[in-house]
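This briefing covers helix packing, nonpolar cores and a few single residues. Have the structure open while reading.

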Amino acid sequence: MKNKRPLQRDDRIVAIDVLRGFALMGILGANIMFFDVEESYLQEDWSIIVDDLAVGASSIPFMIFTGVFVMNKMMAVFSMLFGAGIILMTERIEQRGASSGNVHYTRNFLLLGIGIFHYNVLWFGDVLMIYAVSAFFLYPVRRFNSKKLIYTGSIGWLLITIFITDDGIQYLFRAPAMMLLGMGLYRLGIINAKRESEWYKKIMFKSFTVGLPLCVAATVLMMGEHGETGFFINNFGVPFMALGYVCLVMTICTSGKLPRVQARLAAAGQMALTNYLMQTVLGIIIIETMNEIKGERVTAFWMMIAMFVIWTIELSWSAPWLKKFRFGPVEWAWRTATYRKVQAFRN
């Protein structure tokens, strides 16, 4: 059992935690607009959703920012990290001479349970169930070489974008496609900060040069009367934007810039599961409280304010918590259940 212990702090790749924290903050930007609505609301035409939220000039910048920089991009980065994490965890366990299969499937079966709870008790926009089920199928392909993983993920994303028109089905399949890309990027040493800063900077500019024009054009269409066309174009830009974000964060990490920001993001990323669930709870409470005070649904501007408040809370509490404790509270319970042994909690 000793060889099957979970990853410890000394085992962690800090740059991955920084990237995870960055993506986690971005995911809140996508989710914040839907914490106070029913699942059926998403069946509405996108132009109706935009009209509902973007009341007044103060709301327009946040809607544009979300469309260009956030929508589907942050989930793509988070999915890449989840895929990379599959290889990272299983390789570390196998290096100790133990079998990783039992740990992998137990861990993700429990994650599925957390996702079911999140979906049924807290909020319909859960991604944990998709991640857990995807992990069941991705474990056998973890030994594929980087080229095969990246080609499979890229072709998968392209086919999903072109041939699947139902948003719900697209939502289910986008994550595993990005996970495959993340697994390939990990094998190439890209997502785990093994390249030089200048290399990351060059790829970042190339990726944004392709992705930004596509996503700007898509957002213009979505803000108008061509929402479906905008969504379609946006999904072509997502992989380029996601790779650009990976390289942006890795550029900062490998060049040693913004050390305090890195530390805050890394702490939030190390407690990503706890913070993800906390975003839902805080988002629902804050948005619904503002709705009650105003007497109607608040606009995107006030949702942006709520997002900043939650960012501040999560970036403020994560680092002090990890000075006293080894894991976030949900991570600790998850690890304890995975290894069927109470894990050390305090430092």
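Lys-73, Met-74, Ala-76, Val-77 and Met-80 in α4 meet a set of α10 residues: Asn-234, Val-238, Met-241, Ala-242, Leu-243, Tyr-245 and Val-246. The residues of this contact divide into ten nonpolar, one polar and one charged. The model is predicted.

**Packing of α4 and α10**

- Helix α10 spans residues 227-255, and its axis lies 8 Å from that of α4.
- The two helices pack at an angle of about 55 degrees.
- Angles from 35 to 65 degrees fall in the oblique class, so α4 and α10 are oblique to each other.
- The crossing of α4 and α10 is right-handed.

**Packing of α1 and α12**

- Helix α1 covers residues 14-31 and helix α12 covers residues 272-294.
- Their axes are 11 Å apart, at an angle of about 15 degrees.
- An angle under 35 degrees counts as roughly parallel, and α1 is therefore roughly parallel to α12.
- The crossing of α1 and α12 is right-handed.
- From α1, the residues in the contact are Arg-20, Leu-24, Met-25, Leu-28 and Asn-31.
- From α12, the partners are Ala-272, Asn-275, Tyr-276 and Gln-279.
- The residues of the contact of α1 with α12 divide into five nonpolar, three polar and one charged.

**Nonpolar cores**

- The largest nonpolar core has 71 residues.
- Those with the most contacts inside this core are Leu-19, Met-80, Leu-111, Tyr-131, Met-183, Tyr-186 and Ile-191.
- Helix α4, residues 73-95, supplies the largest share of the core, with twelve residues.
- Apart from this core lies another, of 22 residues. Among them are Phe-62, Trp-123, Ala-300 and Met-304.
- Beyond four places in sequence, Leu-19 touches Val-77, Leu-81 and Ile-191. Leu-19 also touches Tyr-245, Val-246, Val-249 and Met-250.

**His-104**

- His-104 is found in helix α5, which runs over residues 101-122.
- The relative accessible area of His-104 is 1%. Buried means under 20%, so His-104 is buried.
- Leaving out residues up to four places away in sequence, His-104 touches Ile-86, Met-89 and Thr-90. Ala-135, Phe-136 and Tyr-139 are also among the residues touched by His-104.

**Val-141**

- Val-141 lies in the loop between α6 (128-138) and α7 (146-163).
- Is Val-141 buried or exposed? At 17% relative accessibility, Val-141 counts as buried, because the cut-off is under 20%.
- Not counting residues up to four places away in sequence, Val-141 touches Leu-149, Leu-180 and Met-183.
- Val-141 and Ile-87 are 54 residues apart along the chain, and their C-alpha atoms are separated by 9.8 Å.

**Ser-207**

- Ser-207 lies in helix α9, residues 197-223.
- With a relative accessible area of 5%, Ser-207 is buried.
- Which residues does Ser-207 contact, leaving aside its neighbours within four places in sequence? The contacts are with Phe-240, Leu-243 and Gly-244.

Notes:
Residues are numbered from 1 along each chain as its sequence is written. This is a predicted model: local features need pLDDT of at least 70, side-chain atom pairs count only at pLDDT 80 or more; totals for chains, interfaces and linings use all residues. Side-chain values use heavy atoms; hydrogens and water are left out. Helices (H or I, at least four residues) and strands (E, at least two) are DSSP runs, numbered from the N terminus. Buried means under 20% relative accessible area, exposed over 50%, partly exposed in between (1.4 Å probe, protein chains only). Contact means heavy atoms within 4.5 Å. A nonpolar core is a set of buried Ala, Val, Leu, Ile, Met, Phe, Trp, Tyr and Cys residues joined through side-chain atoms within 4.5 Å. Axes are lines fitted to C-alpha atoms, for helices over the stretch in contact, and angles run from 0 to 180 degrees between N-to-C directions. Angles under 35 degrees count as roughly parallel, over 145 as roughly antiparallel, 65 to 115 as roughly perpendicular and the rest as oblique. A crossing is left-handed if the near helix is turned anticlockwise from the far one by less than a right angle, and right-handed if clockwise. Ala, Val, Leu, Ile, Met, Phe, Trp, Tyr, Cys and Pro count as nonpolar, Asp, Glu, Lys and Arg as charged, and the others, Gly among them, as polar.
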